[in-house]
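Me: I have just opened a structure that is new to me, and I would like to learn how to read it. Could you walk me through its features one by one?

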Amino acid sequence: MKNMSIRRLLGRGLLGVDIGQDFVRVIELVRRRGSLACRHCGSAALAPGIMLEGNIEDVQGLADALRQAWRDSGSGCIRVALAMPATALITHAIRLPAGLPEEQLEMLVELEAAHYMPFPLEDANLDFFTLGPAAPLAGKDGLEIDVLLVAARRASVQRRLDAAKTAGLLAVVMDSEALALQAAMAQGGWQTLPDGGSAYQLAWGLALHGFAR
């Protein structure tokens, strides 16, 4: 999302945080002999009513669970990567001219986003990802690129940030759950964890932001 770019230089140490409907799971990775492995992991149950269909109903309750999961992991890292569920995101593929400077590309994305938002643009957090060259269209000159527009209500993003801050953690990445799961599937290291590691798959995908992803 805008102001929480996943392209930001992260530095050392990052916890992937999976906020589920009834649990929180965290994981920190380390590179060993060229492969990524689990350095720390932990979890905490969420009491009923804290989350409702991916939305945070109780920020303090979530913060308490986040703090418990972090302590359970034994990690000293406070930098975290969070994710938004698909139900909280608006995604749309758009075509834009190729070769534009980043600043101009951002302006065009915001202009396009206004056509797809069911709420005012000032209430949204925006981000975008360049997918690659767009297929040529008949009768249209000039090279274009396909861009994935991603947006969420600013309030929904802020509640996750507030919960992390209240827990004593610093959110440096806001991803989408779908993209984090895709990254985890491509990397596969989570499969070495007990029971096939499926419970920590999303958190693993988020922790990958601390490395080349």
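Me: Let me begin with the cysteines. Where is the closest cysteine sulfur to that of C77, and why is there no bond?

Reply: The general idea comes first: a disulfide is a covalent bond between the sulfur atoms of two cysteines. In this predicted model, the closest cysteine sulfur to that of C77 belongs to C38 and is 13 Å away, which is too far for a bond. C77 itself is buried, because its relative accessible area is 11%, and the cut-off for buried is under 20%.

Me: And how far is the sulfur of C38 from the closest cysteine sulfur?

Reply: That closest sulfur is in C41, at 3.9 Å, again too far for a bond. A disulfide needs the two sulfur atoms within 2.5 Å, and by this rule the count is zero disulfides. C38 is buried too, with a relative accessible area of 19%.

Me: Now the sheets. What is the order of the strands in the five-strand sheet?

Reply: Here is the principle: strands of a sheet pair through backbone hydrogen bonds, either parallel or antiparallel. This open sheet runs in the order β3-β2-β1-β6-β10, and its pairing is mixed. At the edges are β3 and β10, each of which pairs on one side only. From one strand to the next, the twist averages 25°.

Me: Which helices pack on this sheet?

Reply: Helix α1 (residues 59–73) is one of them: α1 touches β1, β2 and β3, and its direction makes about 135° with that of β3. Helix α4 packs on the sheet as well, touching β1, β3, β6 and β10, with its direction at about 85° to that of β10.

Me: How many bridges join β6 to β10, and do these strands run parallel or antiparallel?

Reply: They run parallel, joined by six bridges. To find one place on this pair, look at L82, whose bridge partner in β10 is M174. β10 is mostly covered, as six of its seven residues are buried.

Me: Let me turn to α4. Which of its residues are buried?

Reply: The idea to keep in mind is that an α-helix has 3.6 residues a turn, so residues three or four places apart point the same way. In α4 (residues 177–187), the buried residues are E177, A180, A183 and A184. They span an arc of only 130° around the axis, so they are on the same side of α4. Exposed on the other side are A178, Q182, M185 and A186.

Me: What do the buried residues of α4 pack against?

Reply: They pack against β1 (15–19), β6 (79–84), β10 (170–176) and α5 (201–207). Just after α4 comes G188, which has a positive phi near 80°.

Me: Where else is phi positive, in a residue other than glycine?

Reply: R33 is one example, with phi near 50°. R33 sits in the loop between β2 (23–32) and β3 (35–45), and counts as exposed because its relative accessibility is 88%. Another is E53, at about 55°. E53 is in the loop between β4 (51–52) and β5 (55–56), and its 65% relative accessibility makes it exposed; the cut-off for exposed is over 50%.

Me: How should I read α2, and which of its residues are buried?

Reply: Start with its span: α2 (residues 102–113) has 12 residues and reaches 16 Å from first C-alpha to last, close to the 16 Å expected at 1.5 Å a residue. Its buried residues are L105, V109 and A113. Looking down the axis, these fall within an arc of 75°, so they line one face of α2. On the other side, E103, M107 and L111 are exposed. What covers the buried residues includes β7 (89–97), β8 (124–133) and β9 (144–153).

Me: How are those three strands ordered?

Reply: They form an open sheet in the order β7-β9-β8, with antiparallel pairing. The edge strands are β7 and β8, each pairing on one side only. Neighbouring strands are turned by 25° against each other on average, direction ignored. Between β7 and β9 there are nine bridges in the antiparallel sense, and L89 stands opposite A152 in β9.

Key: Residues are numbered from 1 along each chain as its sequence is written. This is a predicted model: local features need pLDDT of at least 70, side-chain atom pairs count only at pLDDT 80 or more; totals for chains, interfaces and linings use all residues. Side-chain values use heavy atoms; hydrogens and water are left out. Buried means under 20% relative accessible area, exposed over 50%, partly exposed in between (1.4 Å probe, protein chains only). Helices (H or I, at least four residues) and strands (E, at least two) are DSSP runs, numbered from the N terminus. The arc is that of the directions from the helix axis to the C-beta atoms. Contact means heavy atoms within 4.5 Å. Two strands pair if DSSP finds at least two bridges between them. The expected span of a helix is 1.5 Å times one less than its number of residues. Axes are lines fitted to C-alpha atoms, for helices over the stretch in contact, and angles run from 0 to 180 degrees between N-to-C directions.
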